[in-house]
Structure formats: C-alpha cells, structure tokens
Amino acid sequence: MGKLPHFLLILSAFLHAFFLASSQPYIGVNYGEYADNLPAPESTAHLLQSTTISKLRLYGADPAIIKSLAGTNISLILGTANGEIASLATDPSAAAAWVSSNVLPYLPATSISTISVGNEVLTSGDSSLSSQLLPAMQNLKSAIPAGIKISTVHSMAVLSQSDPPSSGAFQSDLVPSLKSILQFLHDNESPFMVNPYPYFAYQSDQRAETLAFCLFQPNSGRPDPASGVTYTNMFDAQVAAVRAALGSAGFAGTEVVVAETGWPYNGDPGEAGATVDNAKAYNGNLVTHLKAMVDPVETYIFALFNEDLKPGPTSERSFGLFKTDLTPIYDAGLIKSEGVAGQVTTPSPAPAETGSGSVQGIASSAPPPADVCVPGRGGSTCRQPVVQNLPSNQDESNGEVERRWRLWKDRRWMVGMWSDFFLYVALAVLVMR
C-alpha cells in the first residue's frame, strides 16, 4: 500500500475513534419520575446529548421520553412496575399487549436494549410477587422483538455475605428463585442487574478510612485473603462480591450490570456523608474509574434529576446530578468539554437543592404511597404519579441547552463527514492502482 492511501486510512480511523470517544458506551443514568417539576422530555433529551451519557434507565415506559430519544443513539432500559408483574405472569396476552404499547411503536427510531421486569422484587417481602417474577420475564421474552434483553434488578440484599468479596453468596432462602432466574438470564444472554450503593455501606461504618474507600480516594486498601486481590474502593468490592455469588450459584461469567449507584448531596442531620463534596467525589471518581478500566462494567448513576415527591429522609430527594433547570448541581465529569470536535462547554453548577423544589404555576400532586421504591432499598410497589412537564419556553436555560446541543450535533456531523471523505479517497486510490 502506498503512503498516501495508508495515511488517509489511518486519518479516517483516527477521526472515527475520536468521534466515538465523545460518549462512553458503559455510562448510563437513571431517570425517576416521582416529581412534579421535571423538564420537558425534549429538553431532557438535549441535555443528555450534551453529556457523555449514552444510556438511560426508566422505571416505567413513559411514551414522551421514549419518543424524545428517537435518533439520539441513547440506549434505553424500560421497566415494568412491580404492580404489573402478576398480570404479565399469568396472561401471555398481557405481556404481548405491554410490548405492543410500550416497545413496538418506537422501534427502530429509539434504541431499546433491555426490559427490566420490576425493581428489587426478591427483597420486597412479597413472596407471591417473587414467585411470579420468572413467568412474567418468560412471557415478555416471548413477545419481545429479537435483540432486546429481558432481566430484573436486584438490591445488594440478595447477598448473605459480601466481605471479603470472594466469599460473596446469595441468601439461602432466595437461591431457589434466583437459580431459575439465573438460568433464564444465561439461556437468553441477559445480564444480572444489581444496585450497589457504597453510600449505604458507609452508613454502617462511618470511619474516615471507610469514607475514603467508598469515594475512590487514597486509602490503604482492603485485601481479600482468598483471592489475593487488594481492593481500593467499595464499588469494585461490591461488584466482585456479586460475581463471586454468581460463580457459587453455578453461573460464573454472567454479565453484571450496575443498574443503580449514586451518592446524595444533601441529607438530614443523622445521614452521615450526604454532602455536595462527597457526591461530587463519588460520582466524579466513579466516572474516571470506569474510563480507566480495561473492561468497564455497564453502570447507571442514580439519578439524572431529583424526585421532589419522594417520601422519606432528605437524601432520597437529593441524588440528582442536574437541577430541573438543566444546570448541573455539581461537576461529575459528564459534560462534554469544548474542543476541536465541537463538544459543548460545561454549564455553571447551580446552587444545591435543599427543599421540595416546587415550581411556580405547577400544582403539586399528592405524595406517593409510603411503600414506594427507593434507591438501593426496594419497595413493594413502583407506581408513578402523573408527571407535569414544564414547557421548554418556561426556562431560559432550556434554550441555551438546545443551542449547545445543536452546535455539538452540527460539528459532530462535520467530523463524520470528513472521516468518510478521507476513507473514500483512500479506497478510490487503492482501486485505481
């Protein structure tokens, strides 16, 4: 091969790689909707386009959000509520109807990768619901188009032990249900989805060295005598414990997806460590850690926005990465920075939200029932109240996000165009030889 076409091929490959590097295929975010002040779906889609986030997990199947992500290449996990599991399990036609309503109308414009059946069902305390989980998954699998995976999300409470990580094992009373589910996941090449929260681990051990271990900060490490591995952060240790439990159950090699993890930036007086600095350290260092991993685990950060209608302690309403005016609460390293590829600049962080965040002109709906799902702890129901979306023109920052998003989109198109141009020139030169 001559020098010119060789150079052009290398240049084309470099441009393609540079283009793809603008987003991280293993970093996602959760979008909960227990709120009455969420921005319009189109504005949220534009916000996501201004970040390196490439995946979004919903707890339901909000049609407006699904439609807003058409053509964005952002991959979606859709969810069925725990309250829907019984009908999905007992009636295959109900599963087919769910797919017809919530999946088929949006394909292929919107990328849907996975359907999560319920949330933390096995640790919800409802044994009848647990027994219906696998049949619901099977019926949905029969109705879903090829290429979309079916799974369910578990809390870390499915483990009976996790320290040291190599001793990870499932709760003995859950093993029968889990083994059937794990066989289903294995047969269908679906991931085991779990919600590890180092924040909750820190609540039971509030030493300074434990906080550093949880926040990916310098620490002496924690050796695992059986494996010989010294862990330098809680996230890796928790994921390793899940993998050890999968191996003990006979399903080593099953893909693990972190469906939720995060750190609250605000909390009540008794909620240790719930500060802006710690939330920024955890999520920012998590992103950096994932980027540095040879084989990063697919991870969904909780959460995109705060959910102001959630009951419970203040921390439950303080996991958001962004305020509902679309500005970051703190910099977690997810905003695309200005560069030669035309990535957008980081907006200035907004003051931390400390209250319910009601919006003028938007009536607050009644609080959800007390047994709602909460991050990392589960619940017996995942019903969602009606969401009142703010119109795009109600917030000046929405227009700014849209402007930055269009700028990035236009420049990204230019990079792709020049990459293809050099590729075609190189191929033409080779053909003419």
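Visitor: Which residues are linked with Arg207 in a network of salt bridges?

Guide: Side chains of opposite charge can pair when their charged atoms come close. In this predicted model, Asp205, Arg207 and Glu209 form such a network. One pair in it is Arg207 with Asp205, whose side chains meet in a salt bridge at 2.9 Å, N to O.

Visitor: Are Arg207 and Asp205 buried or exposed?

Guide: Neither label fits. Arg207 counts as partly exposed because its relative accessibility is 42%. Asp205 is also partly exposed, with a relative accessible area of 22%.

Visitor: How many salt bridges does a search of the whole structure find?

Guide: The search finds 4. Let me show you a pair that links distant parts of the chain. The side chains of Glu260 and Arg57 meet at 3.2 Å, N to O. Glu260 belongs to strand E11 (residues 256–261) and Arg57 to strand E2 (residues 53–58), with their positions 203 residues apart in the chain.

Visitor: Where does that pair sit, buried or exposed?

Guide: Glu260 has a relative accessibility of 2%, so it counts as buried. Arg57 is buried too, at 2%. Another salt bridge joins the side chains of Lys310 and Glu307 at 3.3 Å, N to O, and both Lys310 and Glu307 are buried.

Visitor: What about a buried charged residue that has no salt bridge?

Guide: Look at Asp224, in strand E9 (residues 222–224). Asp224 is buried, yet the nearest side chain of opposite charge, that of Arg222, is 12 Å away. A salt bridge needs a side-chain nitrogen of Lys or Arg within 4 Å of a carboxyl oxygen, so Arg222 does not qualify as a partner for Asp224.

Visitor: Which backbone nitrogen does the side chain of Asp224 reach?

Guide: That of Ser166, at 2.8 Å. Ser166 also appears among the contacts of Asp224 once neighbours within four places in sequence are left aside. The others on that list are Pro164, Pro165, Val229 and Tyr231.

Visitor: Let's turn to helices. How does the span of helix H10 fit with what is expected?

Guide: The idea is to compare the distance from first to last C-alpha with the expected span. H10 covers residues 234–248, 15 residues in total, and reaches 21 Å, close to the 21 Å expected at 1.5 Å a residue.

Visitor: What lies at the two ends of H10?

Guide: At the start, a side-chain oxygen of Asn233 comes to within 3.2 Å of the backbone nitrogen of Phe235. After the helix comes Gly250, which has a positive phi, near 95°.

Visitor: Why is H10 described as largely enclosed by the rest of the structure?

Guide: Count the buried residues along the helix. In H10, 12 of the 15 are buried, so the rest of the structure largely encloses this helix. Among them are Met234, Phe235, Asp236, Val239, Val242 and Leu246, together with several alanines, including Ala240 and Ala241.

Visitor: Which residues is Gln238 in contact with?

Guide: Gln238 is a residue of H10, and it counts as buried because its relative accessibility is 9%. Apart from neighbours within four places in sequence, Gln238 contacts Met156, Pro196, Tyr197, Pro198 and Ala201.

Visitor: How should I read a loop residue, such as Ile144?

Guide: Start with its place in the chain, then ask what it touches. Ile144 lies in the loop between helix H6 (127–143) and strand E5 (149–155). At 9% relative accessibility, Ile144 counts as buried. Ile144 touches Val99, Val103 and Ile115, not counting residues up to four places away in sequence. The C-alpha atoms of Ile144 and Val103 are 8.1 Å apart, although 41 residues separate the two in sequence.

Visitor: What does Ala109 touch?

Guide: With residues up to four places away in sequence set aside, Ala109 touches Ala70 and Gly71. Ala109 sits in the loop between helix H5 (92–102) and strand E4 (111–119). Its C-alpha is 8.3 Å from that of Leu69, which is 40 residues away along the chain.

Visitor: How many helices and strands does the chain have, and what share of its residues is buried?

Guide: There are 12 helices and 12 strands, and buried residues make up 54% of the 433 in the chain. Of the contacts between residues at least 6 apart in sequence, 71% join residues at least 24 apart. The accessible surface comes to about 18200 Å², with 56% belonging to carbon and sulfur atoms.

How values were computed: Residues numbered from 1 in each chain as written. Predicted model: local features only at pLDDT ≥ 70, side-chain atom pairs only at ≥ 80, totals over all residues. Heavy atoms only, no water. Helix = DSSP H or I, 4+ residues; strand = E, 2+ residues; numbered from the N terminus. Buried < 20%, exposed > 50% of the residue type's maximum accessible area, 1.4 Å probe, protein only. Lys, Arg positive; Asp, Glu negative; His and termini not counted. Polar contact = N/O pair within 3.5 Å; in protein donor to acceptor, adjacent residues only side chain to side chain. Contact = heavy atoms within 4.5 Å. Expected span 1.5 Å × (residues − 1). Areas by Shrake-Rupley, 256 points an atom, 1.4 Å probe, with all protein chains shown as cover.
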